[in-house]
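Open the model in your viewer and keep the selection box handy. We will go from stop to stop, picking a few residues each time and looking at what is around them.

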Amino acid sequence: MHRTLLLLVAGVSLAFGVDWFLGEFIEEYVVRIINLCGIAIILAVSLNVINGLCGQFSLGHAGFMAIGAYVSAYFTTTLRVLNTETGETVVRSPLFDGAWGFVPALLIGGMAAAAAGLVVGVPTLRLKGDYLAIATLGFGEIVIIMLTNFESVGAARGLPGLPNYASSFWILTFAWICVVSSVFLQRSTFGRALIAIRENELAAEVMGIRVARLKVMAFIYGAFFAGLAGGLLGHLLRTISPSTFGFMKSIEVVVMLVLGGLGSLTGAIVGAIVLTVLPEALRDVEQQAKLPGIRMVVYALVLILLMIFRPQGIFGQRELSLKLLRRLLPGGRK
Amino acid sequence: MRKALILAIAATALAFTAIGCKDKGNEAGGSGATEDTVKLGLFVSTTGEIATFGGDTKNGAELAVEEINKAGGIKGKTIDLRFYDTASKAEEAGNVATKLATQDKVLVAMGAVASGLSLAAAPVFEQNGVPMVSPSSTNPTVTQQGKNIFRICFLDDFQGGACAVFAYKELGKRKAAIIRNQDDAYSTGLADYFRLKFKALGGEIVADESYKKGTKEFASQITNVKAKEPDIIFLPCYYNDVALLSQQIRGQGIGDDVPMLGGDGWESANLIPNSKGALEGSYFGNHYSPEDPSEHVQAFVKGYKAKYNTAPSSLAALGYDVVYVVKKAIEDAGEFDRAKVRDALAALKDFKGVTGTFSIDENRDARKPISILKVQGDKFLPVKQIQPQDVK
């Protein structure tokens with residue numbers, strides 16, 4: 001407990017320092033990409049618990065993001081609803097006023113996503129492999145269709161005018177919390193049990209692991225952080241629409257995991273960073289080469305080559321730890 | 001060993017700082033102009049779901065830039081057009097906006113086509129005080145994002161309202177049916193405003209049916225519509241849906257005396273061939289007509305055909321106009337200064353573009369007429385212009 005608190009304080013003060021540093025010295029464009037990296041890290045690391053550790057192939061992450069984004073925006077944003085019979089616009093001021101409402105709104109968004117995770121997880125986690133993937137894909141689509149028809153949050157038009165609350169500080173703080181809690185989780189009995197389920201579900205059950213229950217818990221954990229990330233992304237973009245959270249978004253997160261190495265926390269972080277930075281970094285290449293569209297070609301090519309030459313991802317299931325670093329650095333013990 | 005680790009971390013940090021360090025010296029003067037060039041930004045999607053729209057807009061804008069540079073530029077400075085693709089994604093629109101505003105330091109930014117992308121870019125430009133002019137985002141909330149955000153196309157409410165006025169006053173129709181795509185913001189927006197205006201004029205909406213994105217078979221909707229005996233059918237959808245809908249509507253025996261009516265989503269070279277004659281005698285509202293005999297429009301159509309070997313769409317025309325609007329604003333402002341250009345944009349009056357003569361109103365939206373075109377043979381013929389004051 002003592003150590004957890006210390007880590008939290010360290011993380012928050014680090015985020016505070018980095019936030020100040022970024023605001024003071026670094027170009028806004030780079031800061032924005034760092035912020036997007038932070039959000040991608042939360043997404044990838046949380047999905048890693050479901051897909052990587054527990055071995056359940058979920059394609060519903062964007063659905064949880066959408067729930068988190070819309071629920072948190074519902075509390076922080078001025079809503080305008082057009083009455084199609086009278087032509088009047090009904091305006092509702094934000095329920096949580098000011099920046100202090102942001103974190104509660106985010107947490108409510110995360111919890112709503114977690115609740116959805118519970119509701120979806122209980123029936124679908126009986127399914128395995130491809131079947132689960134299809135079921136979670138279906139869940140994501142249901143969320144999008146429902147949002148497209150909710151007039152109070154703008155329906156298909158989306159919800160613009162979210163306040164500018166998602167600073168680097170909050171994004172990095174939550175990314176830190178997500179990563180640290182995942183490290184703990186991975187090393188805990190719970191995490192070990194999840195790995196056992198991944199390796200052999202039957203054997204795990206025989207060993208007395210409550211498979212169904214643990215799977216649902218992993219799902220809820222992932223959904224909670226996906227909801228948080230959705231809320232952060234919404235307040236960074238400052239406009240959300242159902243199409244932002246389409247199933248391609250889920251695929252993007254899965255690709256991050258596969259690129260980094262499914263089951264590796266370090267891999268998830270590296271995958272998230274690489275796939276967020278790469279398309280932006282290639283923008284300048286495209287400009288220089290005067291080849292419009294080459295950006296997406298290179299992006300795809302990187303993925304294809306990696307899958308051919310390193311199908312297990314950059315890290316495989318290994319982690320980057322101080323021990324490994326020591327071994328790799330010159331002069332280290334072999 | 002530990003030293004090596006620290007060194008490595010320090011080196012990465014340093015490299016990072018070097019890449020992204022703020023260029024403090026240039027910040028105050030960052031108005032996008034050097035001695036002989038002026039930097040303008042363009043951001044549209046040339047990849048992803050809506051790539052064709054972005055591609056046309058980009059072509060139109062590049063044609064205008066080429067013409068202006070050939071004629072001596074803006075106040076003697078050639079245009080340095082910075083173009084970035086937004087890949088039909090809101091995240092990328094925000095990134096590109098940040099890059100244009102803070103790294104390239106453009107004087108004015110032009111884009112995006114889709115409202116969802118404009119909405120993601122607008123807060124960034126507003127925060128950095130960069131005027132942004134959207135060629136074709138029709139969602140009313142786009143320009144509400146701040147005093148630097150403009151647009152040069154008409155809005156969904158005007159378009160829907162104008163269609164209602166045309167149906168009621170020009171065609172003398174009293175019983176309208178609507179078939180809308182419920183998953184599409186554009187479609188539901190047009191349908192809502194058509195409905196409001198048509199009822200306000202005294203007409204009756206006898207049926208308001210909706211379908212889901214990707215529907216190919218509209219039998220149930222059309223049966224419901226047919227039972228109510230409308231005298232006009234409003235189809236606020238994109239051309240691919242319209243082509244199918246129109247054939248099935250005629251196929252179910254709703255006769256030619258019940259014309260169909262729609263918005264600018266109908267415009268496509270594929271509309272007439274795909275609908276196999278079912279749309280003959282139907283109408284739709286559009287930004288302009290390439291058949292317009294005016295000299296200005298014909299010169300643009302000719303120039304565009306010469307460069308790209310295809311007829312310009314409305315989006316190409318709007319992309320062309322947006323560059324000239326920006327040019328006019330810079331000339332009116334008299335200086336290469338963002339705030340002054342913003343004020344000049346806000347005060348723009350009676351600008352003569354290929355998409356009509358328009359002014360910017362107090363909401364930073366364009367007040368411009370809509371051209372109602374009639375489908376006749378293999379052509380879209382202009383039949384009527386509806387002015388903003390006719391709809392209010």
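**Stop 1: two helices in chain B**

Start by selecting helix α3 (residues 90-103) of chain B together with α4(B); their axes come within 8 Å and cross at roughly 30 degrees. An angle under 35 degrees counts as roughly parallel, so α3(B) is roughly parallel to α4(B). This is a predicted model, so please read every value on the tour as computed from it. The crossing of α3(B) past α4(B) is right-handed.

Now show side chains where the two helices meet. From α3(B), pick B:Ala90, B:Ala93, B:Gly94, B:Ala97, B:Thr98, B:Ala101 and B:Thr102. From α4(B), add B:Gly116, B:Leu117, B:Ala120, B:Ala121, B:Val124, B:Phe125 and B:Asn128. Colour this contact by class and you should find 9 nonpolar and 5 polar residues, with no charged ones.

**Stop 2: backbone details in chain B**

Next, go to the loop between β3 (108-111) and α4 (115-128) of chain B, where B:Ala112 sits. Which kind of peptide bond joins B:Gly111 and B:Ala112? The bond is cis, with omega at about -15 degrees. For context, most peptide bonds are trans, and most residues other than glycine have a negative phi.

That second point leads to two more selections. Pick B:Lys75, in the loop between α2 (51-70) and β2 (78-85) of chain B. B:Lys75 is not a glycine, yet its phi is positive, about 50 degrees. B:Lys75 counts as partly exposed because it has 14 C-beta neighbours inside 10 Å.

Then jump to B:Asp350, in the loop between α12 (338-346) and β11 (351-353) of chain B. B:Asp350 also has a positive phi, about 45 degrees, although it is not a glycine. Is B:Asp350 buried or exposed? With 7 C-beta neighbours inside 10 Å, B:Asp350 counts as exposed.

**Stop 3: the domains of chain B**

Zoom out and colour chain B by domain: the assignment gives domain 1 (37-154 + 294-360) and domain 2 (157-286 + 372-391). Taken over C-alpha atoms, the centres of domain 1 of chain B and domain 2 of chain B are 30 Å apart. Where they touch, domain 1 of chain B supplies 6 residues and domain 2 of chain B supplies 8 residues. On the domain 1 side of this contact in chain B, you will find 2 nonpolar and 4 polar residues, and no charged ones.

**Stop 4: a glycine that touches chain A**

Select B:Gly189, in helix α6 (residues 185-201) of chain B. B:Gly189 counts as buried because it has 26 C-beta neighbours inside 10 Å. Leaving out residues up to four places away in sequence, B:Gly189 touches A:Arg157, B:Asp156 and B:Gly160. You can also draw a distance to B:Asn139, 50 residues from B:Gly189 along the chain: their C-alpha atoms are separated by 8.2 Å.

**Stop 5: inside chain A**

Move over to chain A and pick A:Ile39, in helix α2 (residues 28-53). A:Ile39 has 24 C-beta neighbours inside 10 Å, so it counts as buried. Which residues does A:Ile39 touch, not counting those up to four places away in sequence? They are A:Ile171, A:Ala229, A:Leu232 and A:Leu233. Take A:Leu233 from that set: it lies 194 residues from A:Ile39 along the chain, and the two C-alpha atoms are separated by 6.8 Å.

Now select A:His235, in helix α9 (residues 211-237) of chain A. A:His235 is buried, with 25 other C-beta atoms within 10 Å. Setting aside neighbours within four places in sequence, A:His235 is in contact with A:Leu162, A:Pro163, A:Tyr165 and A:Ala166.

**Stop 6: a helix pair in chain A**

For the last stop, show helix α10 (residues 247-260) and helix α11 (residues 265-289) of chain A, whose axes come within 7 Å and cross at roughly 120 degrees. α10(A) and α11(A) are therefore oblique to each other, and α10(A) passes α11(A) in a right-handed crossing.

On α10(A), the residues making the contact include A:Val255, A:Met256 and A:Leu257. On α11(A), they include A:Ala268, A:Val270 and A:Leu275. By class, this contact of α10(A) with α11(A) has 9 nonpolar, 3 polar and no charged residues.

How values were computed. Residues are numbered from 1 along each chain as its sequence is written. Chains are lettered from A and ligands numbered from 1 in the order in which they are written. This is a predicted model: local features need pLDDT of at least 70, side-chain atom pairs count only at pLDDT 80 or more; totals for chains, interfaces and linings use all residues. Helices (H or I, at least four residues) and strands (E, at least two) are DSSP runs, numbered from the N terminus. A residue is buried if 20 or more other C-beta atoms lie within 10 Å of its own, exposed if 12 or fewer, and partly exposed in between; C-beta atoms are placed from the backbone. Domain bounds come from an automatic or database domain assignment. Two residues are in contact if their C-beta atoms, placed from the backbone, lie within 7 Å. Ala, Val, Leu, Ile, Met, Phe, Trp, Tyr, Cys and Pro count as nonpolar, Asp, Glu, Lys and Arg as charged, and the others, Gly among them, as polar. Axes are lines fitted to C-alpha atoms, for helices over the stretch in contact, and angles run from 0 to 180 degrees between N-to-C directions. Angles under 35 degrees count as roughly parallel, over 145 as roughly antiparallel, 65 to 115 as roughly perpendicular and the rest as oblique. A crossing is left-handed if the near helix is turned anticlockwise from the far one by less than a right angle, and right-handed if clockwise.
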